[in-house]
Amino acid sequence: RDMVRAVELFRKAAAQGHADAQFSLGACYHKGAGVPPDLTQAAELLWKASEQGHVNAQFHLGMCFHDGLGVGKDFFRSVELFGKAAEQGHADAQFHLGICFKKGE
């Protein structure tokens, strides 16, 4: 297992607009796997993948906005992103969207 090499390859593909690579690189920055943790960079990469319809990026970016990780807390935006992912059948997004509606967020 070589996370530094994985990050290097994810970075190359992400720079070419590859949504899965953007998501994977964002996850590395979020976890500090192969790179120092950087929540702002993670959110930026998730945003790029999310704009391409990447369902996992939409969900995880929704969590970032919900919890204020790498971005300011924005419940409206988190609900919007959870909704996009939920429409694509993402079970965790459906659950979190339900919680948001239950709490009135």
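How many nonpolar, polar and charged residues does the lining of the largest pocket have, by class? The first legend below gives the breakdown.

Before the close-ups, a short orientation: this is a predicted model, in which local features need pLDDT of at least 70, side-chain atom pairs count only at pLDDT 80 or more, and totals for chains, interfaces and linings use all residues. Residues are numbered from 1 along each chain as its sequence is written, and side-chain values use heavy atoms, with hydrogens and water left out.

**View 1. The largest pocket and its lining.** The lining has six nonpolar, three polar and two charged residues. Here Ala, Val, Leu, Ile, Met, Phe, Trp, Tyr, Cys and Pro count as nonpolar, Asp, Glu, Lys and Arg as charged, and the others, Gly among them, as polar. To find your way around, look for Phe23, Gly26, Ala27, His30, Lys31, Leu46, His60, Met63, Cys64, Asp67 and Leu69. Two elements, α2 (19-31) and α4, give two or more residues each to this lining, and α2 gives the most, with five. Helices like these are DSSP runs of H or I with at least four residues, numbered from the N terminus. The space in the pocket is about 160 Å³, a volume being the space filled by probe spheres set on grid points that are joined across faces, edges and corners. A pocket is an open set of points on a 1 Å grid over the protein atoms alone, where a 1.4 Å probe fits, with protein on both sides within 12 Å along at least five of seven lines; lining residues have an atom within 4 Å of a point.

**View 2. Aspartate 67, a lining residue in helix α4.** Aspartate 67 is in helix α4 and is one of the residues that line the largest pocket. Aspartate 67 counts as partly exposed because its relative accessibility is 35%, where buried means under 20% relative accessible area, exposed over 50% and partly exposed in between (1.4 Å probe, protein chains only). From aspartate 67 to serine 78 the C-alpha atoms are 9.0 Å apart in space, with the two positions 11 residues apart in sequence numbering.

**View 3. An aromatic pair between two helices.** The model has two aromatic pairs, and this view shows the one formed by tryptophan 47 and phenylalanine 65, which is edge-to-face at 6.4 Å centre to centre with 70° between the planes. The pair links distant parts of the chain, 18 residues apart: tryptophan 47 is in helix α3 (residues 39-51) and phenylalanine 65 in helix α4 (residues 55-67). Rings of Phe, Tyr and Trp (its six-membered ring) pair if their centres lie within 6.5 Å, and planes under 30 degrees apart count as stacked, over 60 as edge-to-face and the rest as tilted. Is each partner buried or exposed? Tryptophan 47 is partly exposed at 32% relative accessible area, whereas phenylalanine 65 is buried at 7%. Leaving aside neighbours within four places in sequence, phenylalanine 65 is in contact (heavy atoms within 4.5 Å) with residues including Trp47, Val71, Arg77 and Leu81.

**View 4. The largest nonpolar core.** Ten residues make up this core, and here they are: Ala19, Phe23, Ala43, Leu46, Ala49, Ala57, Leu61, Cys64, Phe65 and Leu81. Helices α2, α3 and α4 each supply at least two of its residues, with α4 giving the most, four. A nonpolar core is a set of buried Ala, Val, Leu, Ile, Met, Phe, Trp, Tyr and Cys residues joined through side-chain atoms within 4.5 Å.

**View 5. Three buried residues, one from each of three helices.** Glutamine 22 lies in helix α2, and at 4% relative accessibility it counts as buried. Beyond four places in sequence, glutamine 22 is in contact with Ala14, Gly17, Leu45, Lys48, Ala49 and Gln52. Serine 50, in helix α3, is buried with a relative accessible area of 8%; its contacts, again leaving aside neighbours within four places, are Ala57, Gln58, Leu61 and Leu81. Glutamine 58 lies in helix α4 and is also buried, at 4%. Not counting residues up to four places away, glutamine 58 touches Ser50, Gly53, Leu81, Lys84, Ala85 and Gln88.

**View 6. Histidine 18 in a loop.** Histidine 18 lies in the loop between α1 (3-15) and α2 and is partly exposed, with a relative accessible area of 42%. Its C-alpha atom is separated by 9.1 Å from that of glutamine 52, 34 residues apart along the chain.
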